[in-house]
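Trainee: Got a minute to go through this structure with me? I'd like to start with the ligand and then wander a bit.

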Amino acid sequence: MRIETEVKLDFKDVLIRPKRSTLNSRRDVDIEREFKMKHSGLTWSGVPIIAANMDHTGTFEMAKALAKFNVLTAIHKFYSVQEWKDFADKNPEVLERVFVSSGTSDKDFERVSEILKVADCPNICIDIANGYSQHLVDYVRRVRAAYPHKVIMAGNVVTGEMVEELIICGADIVKVGIGPGSVCTTRRQTGCGYPQLSAIIECADAAHGLKGLVCGDGGCTVPGDVAKAFAAGSDFVMLGGMLSGHDESSGDVFEHEGRQVKRYYGMSSEEAMKKHMGGVASYRSSEGKSVNVPYKGAVEGTMQDILGGVRSTCTYVGAERLKELTKRTTFIRVTQQINDIFTPYNAG
Ligand code: 5GP
């Protein structure tokens with residue numbers, strides 16, 4: 001056993017220090033980025049935010065709404081091949097902005113192959129809760145060999161050596177985050193995880209050294225957290241909870257304790273396992289929870305709020321483009337960042 005005593009940080013532990021700036025308006029800020037993918041060779045440009053591939057947020061409706069902002073969606077694993085075909089036929093331009101999601105089984109491989117035959121989607125997201133498993137590395141190699149020109153995002157991991165391994169094996173983007181998610185109970189169940197801001201800083205450093213990219217996944221609760229993730233070096237940021245509860249999220253609106261809500265659950269929660277696998281297998285515990293989230297209407301309003309926040313962050317540090325945010329950022333450690341004497345954010 002070893003103890004590492006260096007403090008690791010979460011979004012809540014820091015603020016971004018404002019800097020003298022000549023930018024007059026948020027309108028002057030360019031929050032689009034362009035990336036050349038290491039393995040696939042494709043060039044992608046857009047706003048580097050990705051809706052999470054969860055039942056609730058990774059829907060075709062979400063993809064259509066977010067594509068208007070040049071934002072990406074990782075589509076969840078539970079649409080049929082026919083549903084993919086219909087979507088692709090009707091929305092060829094949105095297809096450019098989505099990921100097909102995959103686990104690491106043979107069945108996943110077959111399913112992804114079937115989907116890619118009917119929907120020429122450029123991006124594949126391969127993720128499992130514990131990205132340290134050799135299965136993931138082998139599977140990424142297999143998918144890379146079969147699809148040399150697709151963008152592959154793989155995860156989730158939280159340390160530099162595993163980021164390097166995945167990039168060397170064929171991932172263009174590595175997804176970073178174990179335990180920070182809003183409906184995740186991994187830290188409670190296993191005691192494992194890594195504070196998300198430090199995970200992003202360390203993983204981005206490892207990835208960029210190999211010309212790979214990272215996607216910070218989980219733990220963003222307010223637009224300021226999204227900005228901090230970018231400032232920490234995240235090339236992409238994946239959002240679940242912040243995009244939950246909208247018209248484009250799956251599930252019905254219902255009334256709970258006098259409020260309009262929707263159901264949002266973790267993909268390893270009992271609710272998800274019951275829905276997709278007929279129950280929780282006896283050898284495993286659930287590592288996610290279910291919550292009722294306030295109903296928030298169309299996702300467009302939330303997206304404007306998030307993008308407005310990130311633009312504003314850039315003006316506070318004088319970054320004309322999102323690309324410059326990291327090098328213009330000094331994080332300061334804080335003991336309190338938000339005054340929430342009145343209503344907490346999103347509590348309605
Ligand atoms: P959020 O933006 O809600 O904080 O985090 C979303 C991320 O949480 C997802 O992209 C995924 O990586 C992670 N996640 C989703 N469901 C579960 C779950 O049931 N258990 C765990 N450990 N993580 C989950």
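Mentor: Sure, one term before we start: a polar contact is a pair of N or O atoms within 3.5 Å, and within protein one must be able to donate a hydrogen and the other to accept it, with residues adjacent in sequence counting only if both atoms are side-chain atoms. With that in hand, an oxygen atom of the ligand is 2.8 Å from an N or O atom in the side chain of Tyr-264. Keep in mind that this is a predicted model, where local features need pLDDT of at least 70 and side-chain atom pairs count only at pLDDT 80 or more, while totals for chains, interfaces and linings use all residues. Residues are numbered from 1 along each chain as its sequence is written, and side-chain values use heavy atoms, with hydrogens and water left out.

Trainee: Okay, and which backbone atoms lie by an oxygen atom of the ligand?

Mentor: A polar backbone atom of Ser-268 is 2.6 Å from a ligand oxygen. For Gly-219, a backbone N or O atom lies 2.9 Å from an oxygen atom of the ligand. The ligand taken alone exposes 530 Å², and the protein buries 90% of that (areas by the Shrake-Rupley method with a 1.4 Å probe; for residues, only the protein chains shown count as cover).

Trainee: How many residues surround the ligand?

Mentor: There are 21 of them, and the closest are Ser-182, Thr-186, Asp-217, Ser-268 and Glu-287. To be near the ligand, a residue needs a heavy atom within 4 Å of it.

Trainee: What's that shell like by class?

Mentor: It has 12 polar, 7 nonpolar and 2 charged residues. Here Ala, Val, Leu, Ile, Met, Phe, Trp, Tyr, Cys and Pro count as nonpolar, Asp, Glu, Lys and Arg as charged, and the others, Gly among them, as polar.

Trainee: Switching topic: is Lys-150 buried or exposed?

Mentor: Buried, because its relative accessible area is 12%; the cut-offs are under 20% for buried, over 50% for exposed, and partly exposed in between, with a 1.4 Å probe and protein chains only. Lys-150 sits in the loop between helix H5 (134-146) and strand S7 (151-157). Helices (H or I, at least four residues) and strands (E, at least two) are DSSP runs, numbered from the N terminus.

Trainee: And what does the side chain of Lys-150 join up with in a polar contact?

Mentor: The side chain of Asp-120, at 2.9 Å. Not counting residues up to four places away in sequence, Lys-150 also touches others, including Ser-40, Leu-116, Arg-144 and Asp-172, where contact means heavy atoms within 4.5 Å.

Trainee: There's another lysine, Lys-8. Where does Lys-8 lie?

Mentor: In the segment before strand S1 (14-16). A polar contact of 2.7 Å joins the side chains of Lys-8 and Glu-202. Among the other residues that Lys-8 touches, leaving aside neighbours within four places in sequence, are Asp-13, Tyr-194 and Ser-198.

Trainee: On to the rings. How many aromatic pairs does the count come to?

Mentor: The count comes to 8. Rings of Phe, Tyr and Trp (its six-membered ring) pair if their centres lie within 6.5 Å; planes under 30 degrees apart count as stacked, over 60 as edge-to-face and the rest as tilted. One of them is Phe-35 with Phe-236, a tilted pair at 5.1 Å centre to centre and 45 degrees between the planes. Phe-35 lies in strand S2 (residues 33-36) and Phe-236 in strand S10 (residues 236-239), so the pair ties together parts that are 201 residues apart in sequence. Both Phe-35 and Phe-236 are buried.

Trainee: Which other ring pairs with Phe-236?

Mentor: Trp-44 does, also tilted, at 5.1 Å centre to centre and 55 degrees between the planes. Trp-44 is in strand S3 (residues 43-51), 192 residues from Phe-236. Trp-44 counts as buried because its relative accessibility is 9%.

Trainee: Last one: what about backbone oddities?

Mentor: The peptide bond from Gly-155 to Asn-156 is cis, with omega near 5 degrees, and Asn-156 lies in strand S7. Asn-70 has a positive phi of about 60 degrees although it is not a glycine. Lys-211, not a glycine either, has a positive phi of about 65 degrees.

Trainee: Is Lys-211 buried or exposed?

Mentor: Exposed, with a relative accessible area of 67%. Asn-70, at 26%, counts as partly exposed.
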